[in-house]
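Let's take a walk through the charged pairs in this one. Have the model open and follow along.

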Amino acid sequence: MSRAELRGDELIARRVLTASPERVWAAFTEPAGVAAFWGGSHATVPPDSVAIDLRPGGEFALDTRAPDGATRRLRFVYVSVTAPHELIFDEPVTGLRTTVTLRPAGTGIDLTVHQRRLPAELRTAQAADGLASILDALDTHLEKP
């Protein structure tokens, strides 16, 4: 399992993935890729709920569906898009900023997800575990041909 570290109002998770930068980038920027892993172990993402306008100022939105059927719409706005190296997006309601960085690492990619300005309700071990499970689901998704 991936680890995520909580530091005050920041949450940082790293993972070395054995996939090409283009494949990891596609997982974060194409609806089918996002739907395949974003819910981690705690939710599913209906593929038809994912909307991506991949440009600074563009919106990224999706629905997460909990095991009890409760659905929550998540919405983000891209701040910066530097293919295939870095994505920065904000959650407009809370101000949460997420930076996704991809760097070459041997035959794979060193992925870092750094969330800043976490609202108080997300400064928990449960949130850290949730981010770690999302990266685990991403790794599983990338292992498939």
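Start with Asp136: is this residue buried or exposed? In this predicted model, Asp136 has a relative accessibility of 18%, so Asp136 counts as buried. The cut-off at work here is under 20% relative accessible area.

Now look for the partner. Asp136 makes a salt bridge with Arg15, and their closest N and O atoms sit 2.5 Å apart. Along the chain these two are distant: Arg15 belongs to strand β2 (residues 10–17), while Asp136 belongs to helix α3 (residues 125–143), with their positions 121 residues apart. Arg15 also comes in at 18% relative accessibility, so Arg15 is buried too.

Arg15 has another acidic contact to check out. A salt bridge joins Arg15 to Asp139, with 2.6 Å between the closest N and O atoms. Because Arg15 lies in strand β2 and Asp139 in helix α3, this pair ties together parts that are 124 residues apart in sequence. Like Arg15, Asp139 is buried. Put the pieces together and you have a salt-bridge network linking Arg15, Asp136 and Asp139.

How many salt bridges does the structure hold? There are nine. One more to pull up is Arg97 with Asp90, whose closest N and O atoms are 2.6 Å apart. Here the two partners fall in separate classes. Asp90 has a relative accessible area of 16%, so Asp90 is buried. Arg97, on the other hand, counts as partly exposed because its relative accessibility is 24%.

Conventions. Residues are numbered from 1 along each chain as its sequence is written. This is a predicted model: local features need pLDDT of at least 70, side-chain atom pairs count only at pLDDT 80 or more; totals for chains, interfaces and linings use all residues. Side-chain values use heavy atoms; hydrogens and water are left out. A salt bridge is a side-chain nitrogen of Lys or Arg within 4 Å of a carboxyl oxygen of Asp or Glu. Helices (H or I, at least four residues) and strands (E, at least two) are DSSP runs, numbered from the N terminus. Buried means under 20% relative accessible area, exposed over 50%, partly exposed in between (1.4 Å probe, protein chains only).
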